[in-house]
Amino acid sequence: MTKLNHKHTIAACFIGYISQAIIVNFAPLLFLTFSETYNIPLEKITLLITFNFVTQLTTDLIASRYVQKIGYRKAILLAHILCALGLCSMTFLPELIDSFTGLLIPTMIYAVGGGLLEVLVSPIVESCPSKNKAGIMSLLHSFYCWGVVATVLLSTGFFVLFGTENWKILSCLFALIPFFNIFFFSFVPLYPIGEEENDKPNYKKLFSQKIFWLMLLMMVCAGASELAVAQWASSFAESALQVDKTTGDLLGACGFAVTMGIARVLYAKFSEKIPMKYATMFCSVLCIFSYLLIGLSSNPMLALTGCILCGFSVGIFWPGTFSLATESVKFGGTTMFALLALSGDLGCSSGPSLAGFAASLFGGDLQKGILCAVIFPAILLCGLFFLKKEETESRR
């Protein structure tokens, strides 16, 4: 039998991010089905997104304090168990108890699993004795994108072939992915991670560094820049091009995810030649341009092209900020990754919220709403210039 090494650990992490993509994107595809099947108002169904976000955010915060005590292997196994359990329990709990509560409990179960994955997977990959860590980190995050695309395409194909009423079968099939990874992670080697030798995370040392505060701000902007367009891409495609929801999902959500994944794979390939800082600066400028193209273009196809281009431009923001933080922040470890994930999640909420609120002020005009969110990549670009300045001064 081949001895498992760090390459197998990284492969398990790739599957972990696919699992996270499934739990984040599968249920929203069924919101209308849930509403019709269980007679729950759609506005109440959409609260599941809020509970999912709040649960993941809370998990990010708690994990920074207790992961070291639990141990990385136990924590990552628990994350996958909860992902699989949430997807499976969603198929029968609504019939056993109050329908909405029966959907809410599985959502919170797999949201805890997703929050743990967000906190654990990146530092596990970062700890592996591999070369070109920035490139591998970018490749790791590309698997979330491919997970999104696969979830949407497989779900769409399944529903066309077997009918939406058979969604429970698909939910159980998707649960097999985190279930398999429970066994994979039981045997792959794990390596020491930053502050792992300490009993308590050192918040004081982290928060005393200006660079760390800058990284938190950049993570907020990274998440906001990505989700402000990603969250509204399908709706924008439907309204701008007057197409049905399936076509809107494929053109908007899938198109955005594909180009984001391509950007992460390309950077993984060329990362040894292109420093992350300069690649992120270029992508920030490209992101600002794509926002302007979306918000100011009078041609619907050109505006949709801006959405697709935006997916490419934001591709390395999240993994790039993780990599830059690893290089720049001292005393990082799990606590740093958990707090960065928390900041990223705050951005993932604030970006689409700002775009939606601004759109409502302009009479439901999504173009103007998304245009207002251009402030996030602009702040990110300023943060990168400040980071470069700080590093230049520290070398003097």
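# Exercises on a predicted model

Trp146, Ile262, Val265, Leu266, Phe270 and Ile274 together make up a nonpolar patch on the surface, with about 440 Å² of accessible area. Keep in mind that this is a predicted model. Let's begin with that patch and then work through the rest.

## Exercise 1: The surface patch

Find out which helix gives the largest share of the nonpolar patch, and decide whether Phe270 is buried, partly exposed or exposed.

**Solution.**

Step 1. Look for the helix behind the patch: α13 brings the largest share, four residues.

Step 2. Place Phe270, one of the patch residues. Phe270 sits in helix α13.

Step 3. Use the cut-offs: buried is under 20% relative accessible area, exposed is over 50%, and partly exposed lies in between. Phe270 has a relative accessible area of 35%, so Phe270 is partly exposed.

## Exercise 2: The nonpolar cores

Work out which residues have the most contacts inside the largest nonpolar core, and which helix gives the most to this core.

**Solution.**

Step 1. Start with the core itself. The largest nonpolar core holds 60 residues, and Phe26, Phe34 and Met90 have the most contacts inside it.

Step 2. Ask where its residues come from. At least two residues of this core are supplied by each of α1 (6-25), α2 (31-38), α4 (47-70), α5 (72-89), α7 (99-127), α8 (133-162) and α9 (167-187). The most come from α7, with 11 residues.

Step 3. Zoom in on Phe26. Setting aside residues up to four places away in sequence, Phe26 touches Leu87, Met90, Thr151, Ser155, Phe159, Trp167, Leu170, Ser171 and Phe174.

Step 4. Look beyond this core. Another core lies apart from it, with 53 residues, among them Leu214, Leu216, Cys283 and Tyr291.

## Exercise 3: Two salt bridges

A search of the whole structure finds two salt bridges. For each one, name the helices of the two partners and say how exposed the partners are.

**Solution.**

Step 1. Take Glu95 and Lys168. Their salt bridge has its closest N and O atoms 2.9 Å apart. Glu95 belongs to helix α6 (residues 93-96) and Lys168 to helix α9, so the pair ties together parts that are 73 residues apart in sequence.

Step 2. Check the exposure of this pair. Glu95 has 45% relative accessibility, so Glu95 counts as partly exposed. Lys168, at 27% relative accessibility, also counts as partly exposed.

Step 3. Turn to Arg264 and Glu226, whose side chains meet in a salt bridge (3.8 Å, N to O). Arg264 is in helix α13 (residues 245-270) and Glu226 in helix α11 (residues 210-230), so this pair ties together parts that are 38 residues apart in sequence.

Step 4. Check exposure again. Arg264 has 2% relative accessibility and counts as buried. Glu226 is buried as well, with a relative accessible area of 8%.

## Exercise 4: Helix α2 and the residue after it

List the buried residues of α2, then describe phi and exposure for Asn39.

**Solution.**

Step 1. Go along the helix: the buried residues of α2 are Phe31, Thr33, Phe34, Ser35 and Tyr38. You have met Phe34 already, among the residues with the most contacts inside the largest nonpolar core.

Step 2. Move on to Asn39, in the loop between α2 and α3 (42-45). Just after α2, Asn39 takes a positive phi of about 55°.

Step 3. Put that value in context. Most residues other than glycine have a negative phi.

Step 4. Finish with exposure: Asn39 has a relative accessible area of 70%, so Asn39 is exposed.

## Exercise 5: Residues in their surroundings

Describe the contacts of Asn25 and of Thr321, and state whether Thr321 is buried or exposed.

**Solution.**

Step 1. Asn25 lies in helix α1. Its side chain reaches the backbone oxygen of Ala21 at 2.8 Å.

Step 2. The side chains of Asn25 and Tyr144 are joined by a polar contact of 3.5 Å. Leaving aside neighbours within four places in sequence, Asn25 is in contact with Tyr144, Val148 and Thr151.

Step 3. Thr321 lies in helix α16 (residues 317-328). Its relative accessible area is 1%, so Thr321 is buried.

Step 4. Not counting residues up to four places away in sequence, Thr321 touches Met215, Met218, Met219, Ala222 and Ile316.

How values were computed: Residues numbered from 1 in each chain as written. Predicted model: local features only at pLDDT ≥ 70, side-chain atom pairs only at ≥ 80, totals over all residues. Heavy atoms only, no water. Core = buried A, V, L, I, M, F, W, Y, C linked by side-chain atoms within 4.5 Å. Buried < 20%, exposed > 50% of the residue type's maximum accessible area, 1.4 Å probe, protein only. Contact = heavy atoms within 4.5 Å. Salt bridge = Lys/Arg side-chain N within 4 Å of Asp/Glu carboxyl O. Patch = residues over 30% accessible without salt bridge, like charges linked within 9 Å, V, L, I, M, F, W, Y side chains within 5 Å. Areas by Shrake-Rupley, 256 points an atom, 1.4 Å probe, with all protein chains shown as cover. Polar contact = N/O pair within 3.5 Å; in protein donor to acceptor, adjacent residues only side chain to side chain.
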